[in-house]
Amino acid sequence: MDIAEITEKMSRGESASDEELKALLTAEGEDRETIFAAARDVRDRVFGNKTYLSGFMYFSTYCRNNCSFCYFRNSNSIDRYRKTTDEVVDLAAMIADAGINIVDLTMGEDPQLIQNDYQGVVDIVNKIREFSDIPIMVSPGAVPQNTFPRFAEAGADIVAVYQETYNRRLFAERRLGQDFDFRRNQKVWAMDSGMLAEDGMMVGIGETVDDRVDTIRNMLALGCDQVRAMTFVPQAGTPMEGDSTVSPVNELLCMAVMRLMCHDVMIPATLDVEGVAGMKSRLDAGASLITSIIPPHEELAGVAQSCMDIDDGSRSVTHVIQMLEDMGRRPATEAECRRMFDARRDRLKSRALSYT
């Protein structure tokens, strides 16, 4: 297949067949560069040279789940922490003051924090909203349907719950004991409550190229405003710690295909797989957002790489912005980010009204 012809028609907003998407996802050599260049061009048409910044706060590493790929799985004997409400709010203020556009409140499914219908999380969002208009993402794991309106009322803008794969058999093997449809519906329930939703896939957990195509199609079909791909990194103390890894280029190709399929979707460049060393390649694949920016010396962990580049300051906003500027890009302003979120939530409401 002619890769240039496929990318050109997708850049015009035309659809691609499964076979064409598989050709993109398995491209090599110069064909890869053609795909990445097309993804960048589409991204720049929509977003210009601005890049959004998301501050990551993994505020509780306790979790009741036993996902086979996760370092923080319940049965792993590791040191854990749980930040207090005041600590989380203070860190959110630090993130906002540093010029980061979005605060990402991430937690494991902590048995303490899920009590009283996630009241602890609702309290945190409420307190942040008292002093800042910064967009707030909540990443709480899978929660009951009636919890989403509470998050929305408190002031959350977007909910992230990653499916990782839309292959049901593989999901059952990786997210042990969890319900596929309940987790998928998290994104639907978030949007029904007036919030945006983020879905995500993990690359290299035993999926085929066909699975990757199917997962990308499903994430975009849900109408999520943000989607991400992240390469699997083996974690000590998990059933998958001895598994082999795939090249991060597979993640980059997934990101580029997402961009070509849905031009204005928000796609994160995560710092959680290769640290800051992988930031440029992800932006070059069409990402519009840098995520997993973590303040140093605050005893906060990452997910795929729990400590990479954190306490030396490499994942700090100052370093990230300098790298952005070296690439000829700039961080989005606070006002630009708020306008973007408000416009997308208004679009979501209009879409919901059209179905009533």
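**A walk from R344 to the first helix**

R344 touches F47, L196, D225, D264, V265 and M266, leaving out residues up to four places away in sequence. Keep in mind as you look around that this is a predicted model. R344 itself sits in helix α13, which covers residues 334-355. Is this arginine buried or exposed? With a relative accessibility of 8%, R344 falls under the 20% cut-off and so counts as buried. One of its partners can be pinned down to the atom: a polar atom of the R344 side chain lies 2.6 Å from the backbone oxygen of D264.

Now step across to D225, another residue on R344's contact list. You'll find D225 in the loop between α9 (209-221) and β6 (226-231). D225 is buried too, because its relative accessible area is 7%. Which side chain does D225 make a polar contact with? Its partner is the side chain of R347, at 2.7 Å. Setting aside residues up to four places away in sequence, D225 touches L196, A197, V265, M266, R344 and R347. Put the two contact lists side by side and you'll see L196, V265 and M266 on the list for R344 and again on the list for D225.

From that loop, go back into helix α9 and find I216. Its relative accessibility is 1%, so I216 counts as buried. Beyond its neighbours within four places in sequence, I216 is in contact with L25, M201, C254, V257, M258 and M261. For a sense of scale, I216 and F56 are 160 residues apart in sequence, while their C-alpha atoms are 24 Å apart in space.

L25 is a handy signpost, since helix α2 spans residues 18-25. How do the axes of α1 (residues 3-11) and α2 meet? They come within 10 Å and cross at roughly 115 degrees. That angle makes α1 roughly perpendicular to α2. The crossing of these two helices is left-handed. On the α1 side, the contact is made by I3, I6, T7, K9 and M10, and on the α2 side by E20, L21, A23 and L24. Sorted by class, that contact has six nonpolar residues, one polar and two charged.

Let's stay with α1 a little longer. Its buried residues are I3, I6, T7, K9, M10 and S11. An α-helix has 3.6 residues a turn, so residues three or four places apart point the same way. The buried residues of α1 pack against α2, and also against α3 (29-47) and α10 (249-261). Both ends of α1 are worth a look. At its start, a side-chain oxygen of D2 reaches to within 3.0 Å of the backbone nitrogen of A4. After α1 comes G13, with a positive phi near 95 degrees.

There are positive phi values to find elsewhere, and these belong to residues other than glycine. Most residues other than glycine have a negative phi. Head for helix α5 (residues 115-131), where N116 is placed. The phi of N116 is near 55 degrees. Y118 lies in α5 as well, and its phi is near 60 degrees. What about their surroundings? N116 is exposed because its relative accessible area is 65%, whereas Y118 is buried, at 2%.

Conventions
Residues numbered from 1 in each chain as written. Predicted model: local features only at pLDDT ≥ 70, side-chain atom pairs only at ≥ 80, totals over all residues. Heavy atoms only, no water. Axes fitted to C-alpha atoms, helices over the stretch in contact; angles between N-to-C directions. Helix = DSSP H or I, 4+ residues; strand = E, 2+ residues; numbered from the N terminus. Parallel < 35°, antiparallel > 145°, perpendicular 65-115°, else oblique. Left-handed = near helix turned anticlockwise from the far one by under 90°. Contact = heavy atoms within 4.5 Å. Nonpolar A, V, L, I, M, F, W, Y, C, P; charged D, E, K, R; others polar. Buried < 20%, exposed > 50% of the residue type's maximum accessible area, 1.4 Å probe, protein only. Polar contact = N/O pair within 3.5 Å; in protein donor to acceptor, adjacent residues only side chain to side chain.
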